[in-house]
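Trainee: Could you walk me through one part of this model in detail? I'd like to look closely at how two of the chains meet, and then see whatever else helps me place it.

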Amino acid sequence: MPYRLLRFALQSKYSEPRMFRSPERLQDEYDVVIIGGGGHGLAAAYYLAHEHNITNVAVLEKGYLGGGGTGRNTAIVRSNYLTPEGARFYQASLELFQDLSRQLDYNLFYSERGHFTLAHSPASLRTQRWRAEVNKQLGIDSEMVDTAFIQRKIPEIDITCGGHQAPIYGALYHPPGAIARHDAVAWAYARGADQRGVEIHQQTAVTDIEVRDGKVAGVHTDKGFVKTRKVLSAVAGWTTHITDMVGIRTPLVIHPLQAMVSEPLKPWLDHIVVSASLHLYVSQSSRGELVAGGSLDPYELISSRSTLEFAEGLGGHMLDLFPCLGDIKVLRQWAGLCDMTPDFSPVMGTTPIGGFYIDAGWGTWGFKATPISGNTMAWTVARDQDHELIEVFKLSRFTDFALVGEKGAASVGH
Amino acid sequence: MKILTCPVNGPRPLQEFQYGGELREMPDPDQANDSGWADYVFHRSGEPAIKREWWYHLPSGTWFVAERDNRLDEIVRTYLYDANREIGK
Amino acid sequence: MNLRLPPQPGEWIDRSQPISFRFEGCDYQGYCGDLISSALWANGVHMQGRSFKYHRPRGIYSLAGHDANAVFEDETKTNIRGDLVGLRSGMDLRAVNTKGGLHHDRLSIVDRFSKLMPVGFYYKAFHTPRWLFPHYEKQIRQIAGLGAIRAGQTAQLTPKDYGFCQVLVVGAGPSGLSAALAVADQGVDVLLVDEHAHLGGSLTWQSGGDEKSRELCQELVNLAQAHQHITVRTNTQVAGCYADLWVALVDDVRLTKLRAQAMVVASGVIEQPAVFGNNDLPGVMLASAAQRLIHLYAVKPWQQCVALVANSDGYRAVLDLHRAGSSVAAVVDLRDDVGDCRFAAQVHQLGMRVLMGSMIYEAVPGAGKRSIRGAVVCPLGADGRLRENQSQVIDCDGIAMSVGWAPAGAPLYQVGGKFSYDPTVEQLVPREMPDNVFAAGRVRGVFGLDERLTDGRRAGLEVARKLGHGSNELPEKISVTGPAPSHPYPVFRHAKKKNFIDLDEDLHFIDLVNAHQEGFDNIELIKRYSTVGMGPSQGKIANMNSVRVLARLNDKSIDQTGTTTSRPFYQPVSLEHLAGRRFHPLRRTPMHRWHLEAHAEFVHVGSWLRPEYYAVAGQDRETSILQEASHVREYAGLMDVSTLGKIEVAGPDAVSFLERIYTGRFAKQNTGKLRYVLACDEMGVVIDDGIAVRWSDNHFYVTATTSGAADFYREMQRWALIWDMDVQLVDVTGHIAAMNLAGPQSREVLRKLTSVDVSPEGFPFLGVRRGEVAGIPASLMRVGFVGELGYEIHVPAGHAAHVWTEIMRAGASSKIRPFGVEAQRLLRLEKGHLIVGQDTDALTNPYEANMAWAVARKKQFFVGQRTLQVLNERPLTRKLVGVKMAPGYRGPFPEECHLIIEQGEMIGRVTSFAPRSTLGYGLGLVFVHPDWSEAGTKVCICVDRGAKIEAEITSTPFYDPDDLRQK
Amino acid sequence: MSPAIPRTSPIEHLLNGVTRVGPRQTEVRLASPWTDGPPDNAALQNLFLGDLSSSTTKVGVKGPRAASFLESQGVQLPAEVYATVAYGVEGLVAKLAEQEFILETTAKDRVFDPLENGLSEAPAGLLRVEHQEATFLLCGRRANEVMSQVCAIDMSQVHPGTLVLTRAAVTSCAILREPWPEVLAYRIWVDASLAEYLWETLSTIIG
């Protein structure tokens, strides 16, 4: 029994302090204004203060902390990407994650489960091997495994997928693949930032951004105007609202991504299972719920409504893969927003507008990048220069016809 | 499931359709400079608005245009594409 | 102990059908119509489960489908809800989530150490040292979770259907019934849905001995069931409401996807508990639960109870209890004044002890907290605080709580309705709704029976008018008066004992206070941090109190505090129901049967099934494939290529259309000839290829790749519209079957079956002809994909099997054999032909693919041209070239997607590779950096287990470089 | 010239019974042979699935000159898109689009021959379209119960004689509610490559 818990028993009054204050009003001026109180924005705030000693920072959140993608994703962390640029970036993120609970002194329930990406065709088998080979070259733990291996690790899986469709040929296996308690990541970064002097303003919406001769001059909010020369937009699914304010064109289109969760169950699935062709990814949370997601909604929409088709489709695909789950009940479904890019890679760094930095294009891979995007964006904002890890993700790559080939031969999200 | 009204086949559940992205005006390839062309190829107007979008009715193979609010998911109207009319819109 | 009462009027159990079942190893008796929980209670089993976190004994609480602690499992199913699932004969149930059984649950000790586990404690421990966490997590996972998944079960294929109705009425209580009747009387068709087995809603259990209401109920039910415009569905929950009134109805066997034109929500209210010490123990339950036990299941809730009330419903419950023989030791009323309440008056007449302005401070637990033996009652001071020093203990084995209600508003929330707090009823009521959705009855704060009937009728007429039926003048919306049915704050702090807000998640009052203290001070944050409302009942009996508590903590109004949204599903829905009968469309070619009989091994390509190769007994896959290929080289082979996309392109603009679609030119293509075609998208990425046949000036016939065909045809259609071209496009992929007859002998085989002149002069390479083959009108094309003399034969699908069989028969003397996809892939590889999607990826342009020759230089426009102009000015970063292994090479071969490494740099990737070819050596295609693309260059491929092997870059084709054989 | 060899149904291997519906001549082929003779009216009235693929034949005509050509051949044409008119022996002509028509008739009927001749020259503005869809017949008073399990639109509300292009069991189909007085019947056209899938699906639903 950890001492920390005994402490609770010994103390007469509950002594835990606020994890983050809620300042009465906005100051007139900040060195940096971060739009978006999700994982990315809060992480950037934390690293600005912690690594660059920039503490006169305001995080503006129109809703509540971690209420966007941070609280709606299925909490998967992995680094088995296809391109060297992508793989390096996410590997750096994964390494930060591995030590994050300690660094922020907050248990993020970062749990390494092992990540399977199932291949249902020779073509997909090739793509997975491509990823495995690139990963190995970069020292990332990734390998191709055969169906026997999959069956051994996940006894309940039906390799034939019910027999009416392509069976499982093999999989890309990524042992460090992990899940974490997504909300906690936002709270822990918020606490860390708050302790270092960052101001976090919830229920504060940005209404416009003041740009004078190509440079950021300030931010209009529903609580008044604040002067600042540096603005970081870290709002993922709401990015097009913000870029519209500063008149930047982007390739971003917003699609909802839905997920659902089962009733709590005893431990049954230790691994993370992803099947692109079955539009399914599933893992079991520490609470015992099966958390499952699917593919993007088929059309652009800036709304997190649920659809029955999604639940039906995912239900069917779950049973294709796990016939024993017939009477397992779904508790709740929900949706989040994904700002998709044509090359399945983020849009990060400096922009044509001085002092306006963008952290977007997070599609279905935003959560796993939380630490590294916060870290590199803080570096970039502090120095007004793109961090080397994210140079390839510049917005200008699209006008330069220099896309990142993350989409590969077959697109695999999550 | 949402209902979308195909100008030819009438109101049908969304399952019968495929989304085709926003209508985009192609610049004259000979006139456009490289970045102008890149803007056409890659950039989209993803901001919240009523968009003109391509939709395809799968059973009948019908392309048509839907004006849709991409935030409320409300379809304002649908009509068949007419090259002459769309130009300059 | 048998608590079954003598027959009650309108009871739901069928005494003629007794049912025996087991629970925790003991045998019990119940009746058909019982819920599991009601049957257990009737047998004196009050402890029915253990709580999620503290493993405290729990019993019946709501008996309305919100009891997440009376949860069971048997050999085949898990997480069976005692107050949702009907009793079935032979059930052998156990409580979930215990160690050592319900009675000797070793984990019940956790309750003692609860102080070690304040809200969110797990965020503050177990993470250091890092290496220990996996150990802790394992323990935590074992303890968490309810039921266990039953391995080896196989999901049933349940039917799933679509439904259509004009008006959906949700809830068959008085307001729902009168709404349904009002609509139906206007000649509008109504679907009346209720989650229970019988119609009548609260009238079936909330009588207070008022026989008139019961008669009225029966009357309404009879009318509804007899009405020609009303269809009734019982035992059916409205699981979710989606866009355009697309509604998920779920019953025991199926999911119905209902399209309604309009909806009346008369879903009523869910009773909410009071918060006091030990308010979770078996014996403490909502008054409505006790009334349900009495009236629906004829079960006596307790011997002697105390009723905690704050509304007239409470007094009605007291009357019900009294009649059922549960003596009521005291009525404890939170209020100082009962207002004008006839039930209260009757209670007074019965001379019962009523303590006004008082509250229950705590329930006194019996042995092991498995029951209660008393209630500690304190008066409330003027400040609304408990006067603990004036407390008294009243003996009882049960406490009935009737302190307020919350709307069962899920359908309204899900269609985008907005609720706000109405202080006159102390309840959230709908304020805004879509214009085809209406609410009636208690869900909108209308409680009086007569008022509910009028309100239902009003809603019915409104919806009828909405659909263009009935009159324009409508009855007034009911405005509510009188004492509020709900108490504004039935929550009281207890110094020592746990006083629960959320029984699912084992959260007590102090947990919310502490979470708030830590900064989780808005409803969404406190929900996520404390997990209030996240449990199996989705907070249906927890959320309202947590909002009231948070509002107090923040000194804000309920509306300022807000409620969390109500997402589907209303009750958990099984994956079986959601999946239903799964549809897996598979496309088969007309020759499918033939392939089957020829022992073909099939591979899924898109939605198609294609023969990968034809298995030969006692011979491995690779050998069979190589043999099929060699056979094509030496004799003749026949391949089913029906899955190729086939598109007719006709009209005055046909030529200019194709010139814009493809990278090549067509103006000068002669009729009766075919050409290779390559298509790019606007990013300049290679997306498809095939051949284009020119039948006449204005009529072409093009093929597309198997998996790309559908998308490509769609894009063609769209471009035709955008370019406003006079061209007719028809996708005939499924209508025309095709086969590839290839090999040196193919001409001889074909000659036997057609009158078409197949001589080299009469039918040269790349020529096309029309004529009959085996008596069937066919299109013949001289192609060379596999690098041999070859004919593609296209015939109507309905006759393809005949033609195929005839060709095989005619070819017998030429040793013809069928060949599959794999052999073709090898043959084309030997010719250096790429496969779009394998040798190209999502960003490959024609220059990289070494296909510059296919891109016409001087051309007005084609899709992707402008982008290619940009890309063409940039240095190539990779090039697709051939690679081969030294003849006689022994050792590991590269596999497709192995990388080429030079000085630790990734300079290339194998896209196709065949270890065994008809040429006797391993060969393939690779993407490699241009500096290494010269023929003769030696490159190093990193194969499995890190081994590095040497291969040589080479020009293609490997086989028959001068293309003599296919000519 | 339509070939002399009869067309093979894409589900040939699943068929082994034959019947006729009401007074009609066209053979309806069935998956199960009827033990005591062909199904009596009662059986037909209730519910069954039949195949017309090999007993019918189709041809399509598309292009600006499609209508005038067909009329010149004495074919009476429906006015509205998706409307149908009777044609040949128990056959029909349906208008698929402003410039596109499809004709279906019994295989024995030679009425296509003159058309085919006219089309084989393939004059400008006139395109012969190959049509090899399977033709199924879902028949009986319980037909709508089956429809409601595969079709997301309310087929019971569709006007007889009007073609509906929709999805059944997630595959694209053209469905025609037969204008027959004595029995509820749907004619279903589905791509030949999907015929076996749809037949199996409908069969399992019918049970």
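**Where chains C and A meet**

Mentor: Between chain C and chain A the count comes to 12 salt bridges. Keep in mind as we go that this is a predicted model. One contact to pull up in your viewer is E505(C) with R287(A), a salt bridge whose closest N and O atoms are 2.8 Å apart. Polar contacts between chain C and chain A come to 52 residue pairs, counting pairs with both residues at pLDDT 80 or more. On the chain C side, helix α2 (residues 133–143) gives the largest share of what touches chain A, namely seven residues. Sorted by class, that side of chain C holds 47 nonpolar, 28 polar and 25 charged residues.

Now for the extent of the contact. Chain C puts in 100 residues and chain A puts in 98. Together they bury about 8,900 Å², with 59% of that area on carbon and sulfur atoms. If you want to know which residues on chain C to click on, try R141(C), I149(C) and L575(C): they supply 9% of the area that chain C buries against chain A, more than any other three residues. There are five pairs of chains in contact, and A and C are the pair sharing the most contacts. Chain A and chain D, on the other hand, do not touch, and their nearest C-alpha atoms are 10 Å apart.

The backbones of A and C pair up too. Strand β18 of chain A (residues 329–340) and strand β29 of chain C (residues 573–574) run antiparallel, joined by two bridges. To find the spot, look for K329(A), which stands opposite S574(C) in β29(C).

Follow chain C back from there and you get to some backbone geometry worth checking. The loop between α13 (558–561) and β29 of chain C holds F569(C), and the peptide bond from P568(C) to F569(C) is cis, with omega near 10°. Chain C has another cis peptide bond between T128(C) and P129(C), where omega is about -10°. P129(C) sits in the loop between β7 (92–95) and α2 of chain C. That is the α2 we just met, the helix giving seven residues to the side of chain C that touches chain A.

Over on chain A, there's a backbone oddity as well. A236(A) isn't a glycine, yet its phi is positive, at about 40°. You'll find A236(A) in the loop between β13 (231–233) and α9 (239–246) of chain A.

While you're on chain A, take a look at a little open sheet. Three strands make it up in the order β3-β8-β4, with antiparallel pairing. The edges are β3 (76–77) and β4 (111–112), each with a single partner strand, so one side of each is left without a neighbour in the sheet. Zooming in, β3(A) is joined to β8 (residues 178–179) of chain A by two bridges, and I76(A) stands opposite I179(A) in β8(A).

For another kind of interface, try one inside a single chain. Chain D is split into domain 1 (12–55 + 133–206) and domain 2 (57–129). The C-alpha centres of these two domains of chain D lie 24 Å apart. In chain D, 15 residues of domain 1 are in contact with 13 residues of domain 2. The two domains of chain D bury about 1,200 Å² between them, and carbon and sulfur atoms account for 54% of it. Here S55(D), L163(D) and W189(D) supply 37% of the area that domain 1 buries against domain 2, more than any other three residues.

As for charges, the rule finds one salt bridge across that domain interface of chain D. E104(D) and R187(D) have side chains that meet in a salt bridge, at 2.7 Å from N to O. Polar contacts across the chain D domain interface come to 10 residue pairs, with both residues at pLDDT 80 or more. On the domain 1 side, the elements of chain D that give two or more residues are β9 (134–139), β10 (163–168) and β12 (185–190). That same side of domain 1 divides into five nonpolar, seven polar and three charged residues.

Note on methods
Residues numbered from 1 in each chain as written. Chains lettered and ligands numbered in written order. Predicted model: local features only at pLDDT ≥ 70, side-chain atom pairs only at ≥ 80, totals over all residues. Heavy atoms only, no water. Domains from an automatic or database assignment. Contact = heavy atoms within 4.5 Å. Buried area = accessible area lost by both parts, 1.4 Å probe. Salt bridge = Lys/Arg side-chain N within 4 Å of Asp/Glu carboxyl O. Polar contact = N/O pair within 3.5 Å; in protein donor to acceptor, adjacent residues only side chain to side chain. Helix = DSSP H or I, 4+ residues; strand = E, 2+ residues; numbered from the N terminus. Nonpolar A, V, L, I, M, F, W, Y, C, P; charged D, E, K, R; others polar. Pairing = 2+ DSSP bridges.
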